[in-house]
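Me: I would like to examine this structure through a short series of questions and answers. Please show the sequence and the structure.

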Amino acid sequence: METKQVHYLIAFISFPITILHFTFGDYSTEKLVSGIAFYLTHTAIYLGFIYLFFKSEVGKKVVLWGLLFIAIASILISLIIR
């Protein structure tokens, strides 16, 4: 199995499992909606990165810069929240 297929398989298996977790867990409606929305957007970003990475060399650079941006933003947000 190719690396690309493994990544798609991970996304398509983890998505329904996580949705079921939020659905059958003991969460308020607000947390249920925000959890599903959060996971939906991040799964879409993950699938987009997989597609771009295996599409071309430019896609690999876009993914690299996107991951770098996410890392820096995460660090800055964690410093601000503290």
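Reply: Helices are taken here as DSSP runs of H or I with at least four residues, numbered from the N terminus. The model under discussion is predicted.

Me: In which helix does E30 lie?
Reply: Helix α2 covers residues 29-55. The position of E30 is thus within helix α2.

Me: Is E30 buried or exposed?
Reply: The relative accessibility of E30 is 65%. Exposed residues are those over 50%, so E30 counts as exposed.

Me: What distance separates the C-alpha atoms of E30 and S56?
Reply: Along the chain, E30 and S56 are 26 residues apart. In space, their C-alpha atoms have a separation of 40 Å.

Me: How many aromatic pairs does a search of the whole structure find?
Reply: Rings of Phe, Tyr and Trp are paired if their centres lie within 6.5 Å. Applied to the whole structure, the search returns aromatic pairs numbering four.

Me: Are the rings of F15 and Y39 stacked, or is the pair of another kind?
Reply: The ring centres of F15 and Y39 are 6.0 Å apart, and the planes meet at 20°. Planes under 30 degrees apart count as stacked, so the pair of F15 and Y39 is stacked.

Me: How many residues apart are F15 and Y39, the pair that links distant parts of the chain?
Reply: F15 belongs to helix α1 (residues 3-24), whereas Y39 belongs to helix α2 (residues 29-55). F15 itself is partly exposed, at a relative accessible area of 26%. The pair joins distant parts of the chain, with a separation in sequence of 24 residues.

Me: What angle lies between the planes of F22 and Y27, and how is the aromatic pair classed?
Reply: The centres of F22 and Y27 are 5.5 Å apart, and the angle between their planes is 50°. Planes under 30 degrees apart would count as stacked and those over 60 as edge-to-face, so at 50° the pair is tilted.

Me: Is F22 buried or exposed?
Reply: F22 lies in helix α1, and its relative accessible area is 16%. Its ring partner Y27 has 35% relative accessibility and counts as partly exposed. The limit for burial is under 20%, so F22 is buried.

Me: What is the C-alpha separation of F22 and I50, and what is that of Q5 and I50?
Reply: For F22 and I50, which are 28 residues apart along the chain, the C-alpha atoms are separated by 25 Å. Q5, placed in helix α1, is partly exposed at 43% relative accessibility. Q5 and I50 are 45 residues apart in sequence, and their C-alpha distance is 9.6 Å.

Me: Which backbone oxygen does the side chain of T43 reach?
Reply: T43 lies in helix α2 and counts as buried at 10% relative accessibility. At a distance of 2.7 Å, the side chain of T43 reaches the backbone oxygen of Y39.

Me: Which side chain meets E57 in a salt bridge?
Reply: The count of salt bridges comes to one. E57 is exposed at 54% relative accessibility, and its partner lies three residues away in helix α3 (residues 57-81), about one turn of the helix. The N to O distance is 3.6 Å, and the partner is K60.

Me: Over which ring does the charged end of K60 sit?
Reply: K60 is partly exposed, at 33% relative accessibility. Its charged end is 5.2 Å from the centre of the ring concerned, which is that of F53.

Me: How much accessible area do the residues of the nonpolar patch have together?
Reply: The patch on the surface is formed by L64, W65, L68, I72, I75, L76, L79 and I80. Among them, L68 lies in helix α3 and is partly exposed, with a relative accessible area of 40%. I72 is also found in helix α3, and at 46% relative accessibility it counts as partly exposed. Together, the residues of the patch have an accessible area of about 880 Å².

Terms used:
Residues numbered from 1 in each chain as written. Predicted model: local features only at pLDDT ≥ 70, side-chain atom pairs only at ≥ 80, totals over all residues. Heavy atoms only, no water. Helix = DSSP H or I, 4+ residues; strand = E, 2+ residues; numbered from the N terminus. Buried < 20%, exposed > 50% of the residue type's maximum accessible area, 1.4 Å probe, protein only. Lys NZ or Arg CZ within 6 Å of the ring centre and 35° of its normal. Salt bridge = Lys/Arg side-chain N within 4 Å of Asp/Glu carboxyl O. Patch = residues over 30% accessible without salt bridge, like charges linked within 9 Å, V, L, I, M, F, W, Y side chains within 5 Å. Areas by Shrake-Rupley, 256 points an atom, 1.4 Å probe, with all protein chains shown as cover. Polar contact = N/O pair within 3.5 Å; in protein donor to acceptor, adjacent residues only side chain to side chain.
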